[in-house]
Amino acid sequence: MQNQHEHHACHEHTAQPARPIGFDTIYTCPMHPEVRQVGPGSCPKCGMALEPVDVGAEQDDAELRDMTRRFIVSAIFTAPLLVITMGNLFPNEPIDGLIGHTVARWSELALATPVILYCAWQFFVRGVRSVRNMSPNMFTLVGMGVGVAYLFSVVATLAPGIFPEAFRDESGQVDIYFEAAAFITMLVLLGQVLELRARSQTGSAIRELLELAPPTAILIGDDGADSQVPVERLKVGDRVRVRPGDRIPIDGVVVEGHSAVDESMITGEPIPVRKEKGLKVTGGTVNMTGSFVMQVDRVGADTMLAQIVQMVSDAQRSRAPIQKLVDAVAAWFVPAVIVVAIVSFVVWSIVGPSPAMAYALIAAISVLIIACPCALGLATPMSIMVAAGKGAQNGVLIKDAEALETFEKITTIVVDKTGTLTEGKPKLVEVQAVGGVDERRMLSLIAAAERSSEHPLAGAIVAGATERGIDPLEVEGFESVTGKGIRATVDSAIVGIGSTKMMEAMGVDPSSLAQAADEARRQGQTAMLVAIDGQLAGMIAVADPIKESTRGAIEAMHTLGLRVVMLTGDNETTANAIASQLDIDDVRADVLPQQKADVIKELQANGERVAMAGDGVNDAPALAQADIGIAMGTGSGVAIESAGMTLVGGDLRGLVRARKLSASTMRNIRQNLFFAFIYNAAGVPIAAGVLYPFFGLLLSPMIAAAAMSLSSVSVIVNALRLRRFQL
């Protein structure tokens, strides 16, 4: 079953309206993601209904409909069965007096048989399959408990004379347990219905995200005429009109007009963002005020919404490290319960009061039923499913459950400066020429050299020159000196731009501009020295404004007990100037890209659990080295691939939300495991009869079934509480 999928490619996931399920749709188990098959069915390991891997497919609720139908049938037949049984608990056994003892027993058989042979049939099928696959689960125990109770009762009704005295009560009758078998079946089915409904609710976040994308868009034709077309028909390069109040249909770039866009559905940030020509817009967000024309730049599975939906789906099916402990316990749990049930039967049959065998049977069935590990299996996956969806609705994309578990233990947050603490949109703020050098010519040479550079500040310098009406010259040769600067040949002049180390490497004395450069750095600017033909020519300074949200986010991190470290390739003076404004705990400046991972290792060697937040290609090794990497959603694809979490809004407030989500999810999982274990830890000994010698108390199989169902419901309800948690 697990290998049938290997020649099937998964469908592309698009953030379009749900598609019908096809014959080749691949299904998987939410608790055992390694189980995959073509078409629906049940998991061979845990018996749980499989779900389609394709998050864009319509959710087939056939399993829920089937379980609901079986539950209704079981309730219809179990209700009169309980009336007959409970009625005989009153003095003088009024039901037997009304219809007779023999008729009452045969009525119980008639009422219980449809419940067992139809309603409980799935339990037996899955139980047998679990034994065949050497992976006993809750259906193994339920099937054994219900089957033993029903078969014993059938034999006791059809041939009571074959039973020895040890099975008979004071009146010589052999007790029957039809009501226990039927009631247990009804309660287990109720638990299954509640579980399946809850699982559909955990997917509500994905459904809400899928529904964000409108089904149609206003396409502007080659003749300039507007026409409404399905979003699926849009191609890269198409021009689309977006009116006030419309949802933006797909990802693209504004080419005409301007507006404010509410991106809270994806980023979690409530303040509308101004959009004008050249700025990107995301499908699913809401246009607020103005009208604009956008050009489509991503379609289908490449859109932001589709990628978010896919990440949420993958995270929901991933397994947290804590699940390994649960799996280890569960692997031994069912066989141990069967042994306890057998031991209980043997002990009661030897030392129990009369009728000993009847007591032994009750104890064994009660142990099998109350110990069902259903709640244990649900404890972790239910919380992860809800948390992944909750995170996506608040701009926090979780790559897998391990990242969610790890982030709770983090002690130190390492943040890159450019694009993380700052806007990532630096501006040229100062140009200073010395030694009689013409300032405009110097800036023209600098802009030409920087146009060939990939450094984040290069674009700001080129843009600054253009704003000043200076056109860059043609570059004849270019060289990037990692961590120091650049060297280029422009208009027959050799130009060097960079740090003091760069000047010294070119044999240029930077001392005359050292004071001016330091002053710029003390103001939080990045200062670069310029040399032309071996002579110091001047200095330029670039400033990258701090994001408005950064200060509040760092205060919130301190409140959560996190230490914040700034990591930057900038000069130490500049870095310290920004750090002092933001109350950052530690600064590591002048760090080369390849050294960032080494800084992370150093912090880890000192016992810190480190999270790294960054947005650039050069952050990828550090993101991978950290205990958890956090990519700013505005950054590069490489950074996002290397990270365990992505903040869609590119805003450090997302880090605070991620930490709160991680802490609340792990707390929720521990509560779930407590609910799962406490019922079993307390219930199994009571069901086995340890209280009988002291209080004369022996657990009824029906009460055992109620306790087992209650443990599952407790876990489900507790996990769904996460949906209401405010981040």
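How many helices and strands does the protein chain have?

**Exercise 1. Describe the overall make-up of the protein chain.**

Solution. The structure is a predicted model, in which local features need pLDDT of at least 70, side-chain atom pairs count only at pLDDT 80 or more, and totals for chains, interfaces and linings use all residues. Residues are numbered from 1 along each chain as its sequence is written, and side-chain values use heavy atoms, with hydrogens and water left out.

Step 1. The protein chain has 26 helices and 25 strands. Both are DSSP runs numbered from the N terminus (helices: H or I, at least four residues; strands: E, at least two).

Step 2. Of its 727 residues, 54% count as buried (buried: under 20% relative accessible area; exposed: over 50%; partly exposed: in between; 1.4 Å probe, protein chains only).

Step 3. Taking the contacts (heavy atoms within 4.5 Å) between residues at least 6 apart in sequence, 68% join residues at least 24 apart.

**Exercise 2. Determine the strand order of the six-stranded open sheet, and examine the surroundings of β4.**

Solution. Step 1. The order is β5-β4-β6-β12-β7-β10, with antiparallel pairing; two strands pair if DSSP finds at least two bridges between them. The edges are β5 (226-230) and β10 (280-281), each of which pairs on one side only.

Step 2. Strand β4 (residues 216-220) is joined to β6 (residues 239-242) by three bridges and to β5 by five bridges, antiparallel in the case of β6 and likewise antiparallel in the case of β5.

Step 3. Ile220 has a bridge partner on either side: Arg239 in β6 and Asp226 in β5.

Step 4. The hairpin of β4 and β5 has five residues between the strands, and Gly224 takes a positive phi near 85° there. Four of the five residues of β4 are buried, which leaves the strand mostly covered.

**Exercise 3. Place Val286 within its sheet and list its contacts.**

Solution. Step 1. Val286 belongs to strand β11 (residues 286-287). An open sheet of three strands has the order β9-β8-β11, with antiparallel pairing. In that sheet β9 (273-275) and β11 are the edge strands, each pairing on one side only.

Step 2. Two bridges connect β11 with the antiparallel strand β8 (residues 259-262), and Val261 has Asn287 of β11 as its bridge partner.

Step 3. Val286 counts as buried because its relative accessible area is 17%. Leaving aside neighbours within four places in sequence, Val286 is in contact with Gly245, Asp246, Arg247, Ala260, Val261 and Asp262.

Step 4. Pro272 is 14 residues from Val286 along the chain, and their C-alpha atoms are separated by 9.1 Å.

**Exercise 4. Trace the pairing from β16 through β17 to β18.**

Solution. Step 1. Strands β16 (residues 475-481) and β17 (residues 485-490) run antiparallel and are joined by six bridges. Gly477 stands opposite Thr489 in β17.

Step 2. These two strands form a hairpin with three residues between them, and Gly483 in the turn has a positive phi of about 80°.

Step 3. On to β18 (residues 493-498): β17 pairs with this strand in the antiparallel sense over six bridges, with Ala488 opposite Val495.

Step 4. The hairpin of β17 and β18 has two residues between the strands, and Asp491 takes a positive phi near 50°.

**Exercise 5. Characterise Thr406 in helix α13.**

Solution. Step 1. Helix α13 (residues 401-407) contains Thr406, which counts as buried because its relative accessibility is 12%.

Step 2. A polar atom of the Thr406 side chain lies 2.8 Å from the backbone oxygen of Glu402.

Step 3. Residues up to four places away in sequence not counted, Thr406 touches Arg609, Asp627 and Ile628.

**Exercise 6. Compare the span of helix α24 with its expected value, and identify ring interactions.**

Solution. Step 1. Helix α24 (residues 653-688) has 36 residues and reaches 53 Å from first to last C-alpha, close to the 52 Å expected at 1.5 Å a residue. The expected span is 1.5 Å times one less than the number of residues. Just after α24, Gly689 takes a positive phi of about 105°.

Step 2. Two arginines lie over ring faces: Arg70 over Tyr118, at 4.8 Å from the ring centre, and Arg126 over Phe139, at 5.2 Å. The criterion is NZ of Lys or CZ of Arg within 6 Å of the ring centre and within 35 degrees of the ring normal.

Conventions
A polar contact is a pair of N or O atoms within 3.5 Å; within protein, one must be able to donate a hydrogen and the other to accept it, and residues adjacent in sequence count only if both atoms are side-chain atoms.
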